[in-house]
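Let's take a friendly walk through this structure, with an eye on its aromatic rings and its empty spaces. Have the sequence and the 3D view open as you read.

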Amino acid sequence: FVFDVNFLKNEILGRNGMPKSRKFYAGINAGLTGSPDINVSLTTPYSTPYFRAVRQAAARAFSSGSLRVMLPAMNKVISDTMVQIETLRKQGPIDLQKLFLQMTMDVLGRVGFDQDFGGLNGTGCIASLIKEGFMLLEEETFKPHLKMYMKLFPNSVPAIKKRTNHQDLVNEWTKITNTFMTRPYPSEEENSLWASLRKLTDPDTGKPVVAQKLIGDVATLVIAGMDTTGHQLAWILAILSDYPDVVNKILDELKSHQLYGPNSKELQFEDLTELKYLNGVIRECMRIVTSTIGGGIREVTKDMTILGYRVPKGTQIIVPSQVYTYMEQFFEDPETFKPERWMGENAKDNLFLSFSWGPRDCVGQKLGLFEMQVTLIRMLSKFTFKLTEGTFAEVRAKRSYDAIVVSAEGGLFFDITDRPTV
């Protein structure tokens, strides 16, 4: 672990920083492509021409102009989710961790690929396969003997379970990819995610990219767009459950922009940049709980000295996004919830590493923030959310499971009621 932020940004995550860990990402490759030896844009150790081409295609799809076009489709999925909340709450507390993963899956399916991923209606299996895959990877990572056992006994139950999960995942990624790759060629003006990938020229061949080569990158975009955002939204509402005064300030800000109350207008994309307090709240919640390993795991390529310590070649470097955000040398009074620390002239923007930093930062971060903004605006205006089991700190201490994503073991359950009319 390295806690010097300047060193992290310049020497590890920067343009000439350390490559991604081959050892760690081999396990992820298997669930993306079916083989631990096939790298994709997320896992390739170094930036390659193909990686840059995929990233540029995704960046076009997540530009401000493209996000503006996505708003109606995103609103439709969020509305469907709110209808589900109306129904499910009659049966008792609702697991928003599960529901938001279903919602974010459908959002990405609709706005990114113009496909129904079957999240909210329960017909899709992607979320459950991803969860199982991550659990298997974590078990293998923390039980080194298990990898050797499966290698020696390829027909053992753990080995068969792992192969079956990987094949089922690859089948899903293949189906998604083939669906858009067999569509008519999109127009030059079409910049959705599927269209941007469909129009991609493979720099390795100089020809249009083939579906087989895109499968792992499609998998990366689906997992990153669903799993991280879904977990993050659930944690944000868990934190806000303890701060009704903060929620009231959010509603006051929405009201001042005519986005809440009896004379409210329909949300427009341009409104989002004006909501300074809401955006500060989202960043502060992501400081308290960042749903992923910010920056991933990097690898030392030669014996070297890091901040006065001798570090041998091959050492794995973890960007400690769940630790440095609680260090007083970076954040004054870190245990206190202060959205204002991200606002005004003294904003801590240079310390916001939740989406990593540098040329390998999260290409979908604009979509993630966009989805969080719209979801919170819609849902906080309609409902009140209260954690069923106690305070956020109690739930975090008892059931938070920090691994590839930060989740609550068993779910995050809320009592949800209608917000009193203004």
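A good place to begin is a group of rings: Phe113, Phe117 and Phe180 form one aromatic cluster. Please keep in mind that you are looking at a predicted model.

**Rings and their partners**

A pair of aromatic rings is described by the distance of the centres and the angle of the planes. In this model the count comes to 9 aromatic pairs. One of them joins Tyr149 and Phe153, with ring centres 5.2 Å apart and planes at 45°, so this pair is tilted. Tyr149 is partly exposed, with a relative accessible area of 36%, and Phe153, at 45%, is partly exposed too.

Another pair is made by Phe269 and Phe370, whose planes meet at 75° with the centres 5.5 Å apart, so it counts as edge-to-face. Phe269 lies in the loop between helix 11 (244-256) and helix 12 (276-288), while Phe370 belongs to helix 13 (residues 365-382), so the pair ties together parts that are 101 residues apart in sequence. Both Phe269 and Phe370 are buried.

Two arginines also meet aromatic rings. The charged end of Arg183 sits over the ring of Trp194, 4.7 Å from the ring centre. Arg287 lies over the face of Tyr326, at 5.9 Å from the centre of that ring.

**The overall fold**

The secondary structure comes to 14 helices and 11 strands. The radius of gyration is 22 Å, close to the 22 Å that the globule rule gives for 422 residues, so the protein is as compact as a globular protein of that length. Along its principal axes, the C-alpha trace spans about 65 × 55 × 45 Å. Buried residues make up 52% of the 422 residues.

Val222, in helix 10, is one example to click on. Is Val222 buried or exposed? Its relative accessibility is 0%, so Val222 counts as buried. The C-alpha atoms of Val222 and Met105 are separated by 7.6 Å, although these residues are 117 residues apart along the chain.

**Empty spaces**

Rolling a probe the size of a water molecule over the atoms shows where empty space is left. For cavities of 30 Å³ or more, the count is 2. The table sets the second largest pocket beside the second largest cavity.

| Space | Volume | Lining residues | Closest to the centre | Lining by class |
|---|---|---|---|---|
| Second largest pocket | about 620 Å³ | 28 residues | Gln97, Leu101, Ala127, Lys131 and His231 | 11 nonpolar, 11 polar and 6 charged |
| Second largest cavity | about 190 Å³ | 15 residues | Gly27, Gly31, Gly133, Leu137 and His166 | 8 nonpolar, 5 polar and 2 charged |

Which elements line the second largest pocket with at least two residues each? They are helix 5 (96-113), helix 6 (126-142), helix 10 (211-240) and strand 10 (406-408). The largest share of that lining, 7 residues, comes from helix 6.

For the second largest cavity, the elements that give two or more residues are helix 2 (22-33), helix 6 and helix 8 (157-181). Here helix 6 gives the most, with 6 residues. If you would like one element to follow through the model, try helix 6: it supplies the largest share of the lining of the second largest pocket, and helix 6 also gives the most to the lining of the second largest cavity.

Terms used:
Residues numbered from 1 in each chain as written. Predicted model: local features only at pLDDT ≥ 70, side-chain atom pairs only at ≥ 80, totals over all residues. Heavy atoms only, no water. Phe/Tyr/Trp six-rings, centres within 6.5 Å; stacked < 30°, edge-to-face > 60°. Buried < 20%, exposed > 50% of the residue type's maximum accessible area, 1.4 Å probe, protein only. Helix = DSSP H or I, 4+ residues; strand = E, 2+ residues; numbered from the N terminus. Lys NZ or Arg CZ within 6 Å of the ring centre and 35° of its normal. 1 Å grid on protein atoms, 1.4 Å probe; cavity = no way out; pocket = protein on both sides within 12 Å on 5 of 7 lines; lining within 4 Å. Points joined across faces, edges and corners; volume = space filled by probe spheres on them. Nonpolar A, V, L, I, M, F, W, Y, C, P; charged D, E, K, R; others polar. Rg over C-alpha atoms; globule rule 2.2 N^0.38 Å.
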